[in-house]
Amino acid sequence: AAISPNLVWYERGPKDIGGQIKSLIVDPNDPQGKKVWAGSTNGGLWYNPDITNVNSSWTQVNGGDSWTSLNITTIAFNPSNPLEMFVGTGDLDFGRLNPGSGIYKSTDGGLTFNRLISTATTSNILGTISHSFQYIFKICLNSLGHVFVNTHNGLLKSTDGGGSWVFVVTSQRGSDLEIGKDDIVYASFGTFPSNSAKIYRSNDALASSWTDITPSSNGGKVEMVLGNSLNVNSQVIYALAQDLNGSWFKKSTNGGNTWTDVTIPRDPYNNSLIEYSQDISMMVDPTNNDKLFFRNGYLMKSINGGLNWSNPQYYVNLGDLCLVGNG
């Protein structure tokens, strides 16, 4: 049923450093699942050892301003070695041009970080690997420890922990990136507004070849989220393409082979389509692929796979979503 109307929200900060929180992630090294990392587009990288405790404070990493760039856009851990942590920089959305300084890596669970020299921008030539690391949208790692990075020039891969890189999808502006439990990679591309929406699925864990699974020729920037599925044959995907004309919201239950329409959330007060922007996140309940959370100003919930939406929360400029502790 719907979330209780008596649900109470608590501010957990950090609140005195500017910038949108683009990335939230629970630390896999915390057995209780309460330590949370937050990356801000202007405030740098922070962590809270117990996000559930109102008295637990946030700590800014490395003094914050000692980093070459404070434009944190994505955070990822290596599932094969959780002490390895990758932090991407560079915010490019809706006219915002805040170049980053590449990727910062920790090998001790976030105690110390060093910038990956391979991601330092040494070229101003559009489409080159070096130029790509100016704007990083998403970092994901598979169970082999291979690093995938979606950038404004395309999708790159590293098999040596970020020492070197190769393009696996080129000449397209990246948007989102997800990896299934079977290590199949799903990468989306597109700009807003334009009819440039694309979703590709790797044909193996090495991402040596790809299949175009884009459900519609319309739409621009594509946001995705995967359900808690075991393999590509049963993989649940929710994908939303933003555009002024031709926006769509789709769901697949077979890894993108076929798609069905789901309901685009509407403003609960005037029934208009919720304004789409860079401020979109989705999250699927890990115990129920039909329970979907969506945020863009309003935070809303569906319990039937996106067919209906309920429990709109007050309009706020929300950032990322994550599930803490036992959910």
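This report walks through the cores, two loop residues, the aromatic rings and the salt bridges of a predicted model.

## The nonpolar cores

Start with the largest nonpolar core, which has 15 residues. The members that touch the most others are Tyr 238, Phe 249, Met 282 and Leu 292. Four strands each put at least two residues into this core: strand 20 (237-241), strand 23 (281-285), strand 24 (288-296) and strand 25 (298-302). Apart from it sits another core, this one of 13 residues, including Ile 184, Ala 197, Ile 213 and Trp 248.

Phe 249 is a good residue to click on. Setting aside neighbours within four places in sequence, its contacts include Tyr 238, Met 282 and Leu 292, the three residues named alongside it above for touching the most other core members. Also on the contact list of Phe 249 are Asp 261, Thr 263 and Trp 309, and the first two of these come up again below.

## Thr 263 and its loop

Thr 263 sits in the loop between strand 22 (260-261) and strand 23. With 35% relative accessibility, it counts as partly exposed. Beyond residues up to four places away in sequence, Thr 263 touches Phe 249, Gly 306, Leu 307 and Trp 309.

Leu 307 deserves a look here. It is 44 residues from Thr 263 in sequence, yet the two C-alpha atoms are 5.2 Å apart. The Thr 263 side chain also reaches the backbone oxygen of Leu 307, at 2.7 Å.

## Ser 101, a buried loop residue

Over in the loop between strand 8 (96-98) and strand 9 (103-106) you'll find Ser 101. Its relative accessible area is 5%, so it is buried. The side chain of Ser 101 makes a polar contact of 2.7 Å with the side chain of Tyr 104. Leaving out neighbours within four places, Ser 101 is in contact with Thr 68, Ser 69, Thr 89, Arg 115 and Thr 119.

## Aromatic rings

The model has 9 aromatic pairs. One of them is Trp 67 with Phe 113, a tilted pair with 5.3 Å between centres and 55° between planes. Trp 67 is in the loop between strand 4 (59-60) and strand 5 (72-78), while Phe 113 is in the loop between strand 9 and strand 10 (114-115), so the pair ties together parts 46 residues apart in sequence. Both residues are buried.

These two rings belong to a cluster linked by ring pairs, along with Trp 37, Tyr 47 and Tyr 104. Tyr 104 is also the polar partner of Ser 101. As for Tyr 47, Lys 35 lies over its face, 4.7 Å from the ring centre.

## Salt bridges

There are 10 salt bridges in the count. In one of them, Lys 198 meets Asp 212 at 2.9 Å, N to O. This pair links distant parts of the chain, with Lys 198 in strand 17 (residues 198-202) and Asp 212 in strand 18 (residues 210-212), 14 residues apart. Both ends are partly exposed: Lys 198 has a relative accessible area of 29%, and Asp 212 has 39%.

Glu 223 and Lys 221 form a salt bridge at 3.4 Å. Here both partners are buried, Glu 223 at 12% and Lys 221 at 8%.

Lys 250 and Asp 261 give a mixed case, with their closest N and O atoms 2.6 Å apart. Lys 250 is in strand 21 (residues 248-252) and Asp 261 in strand 22, so this bridge ties together parts 11 residues apart in sequence. Lys 250 is buried at 15%, whereas Asp 261 is exposed at 55%. Elsewhere, Lys 138, Asp 176 and Glu 178 are joined into one network by salt bridges that share partners.

Notes:
Residues are numbered from 1 along each chain as its sequence is written. This is a predicted model: local features need pLDDT of at least 70, side-chain atom pairs count only at pLDDT 80 or more; totals for chains, interfaces and linings use all residues. Side-chain values use heavy atoms; hydrogens and water are left out. A nonpolar core is a set of buried Ala, Val, Leu, Ile, Met, Phe, Trp, Tyr and Cys residues joined through side-chain atoms within 4.5 Å. Buried means under 20% relative accessible area, exposed over 50%, partly exposed in between (1.4 Å probe, protein chains only). Contact means heavy atoms within 4.5 Å. A polar contact is a pair of N or O atoms within 3.5 Å; within protein, one must be able to donate a hydrogen and the other to accept it, and residues adjacent in sequence count only if both atoms are side-chain atoms. Rings of Phe, Tyr and Trp (its six-membered ring) pair if their centres lie within 6.5 Å; planes under 30 degrees apart count as stacked, over 60 as edge-to-face and the rest as tilted. A charge sits over a ring if NZ of Lys or CZ of Arg is within 6 Å of the ring centre and within 35 degrees of the ring normal. A salt bridge is a side-chain nitrogen of Lys or Arg within 4 Å of a carboxyl oxygen of Asp or Glu.
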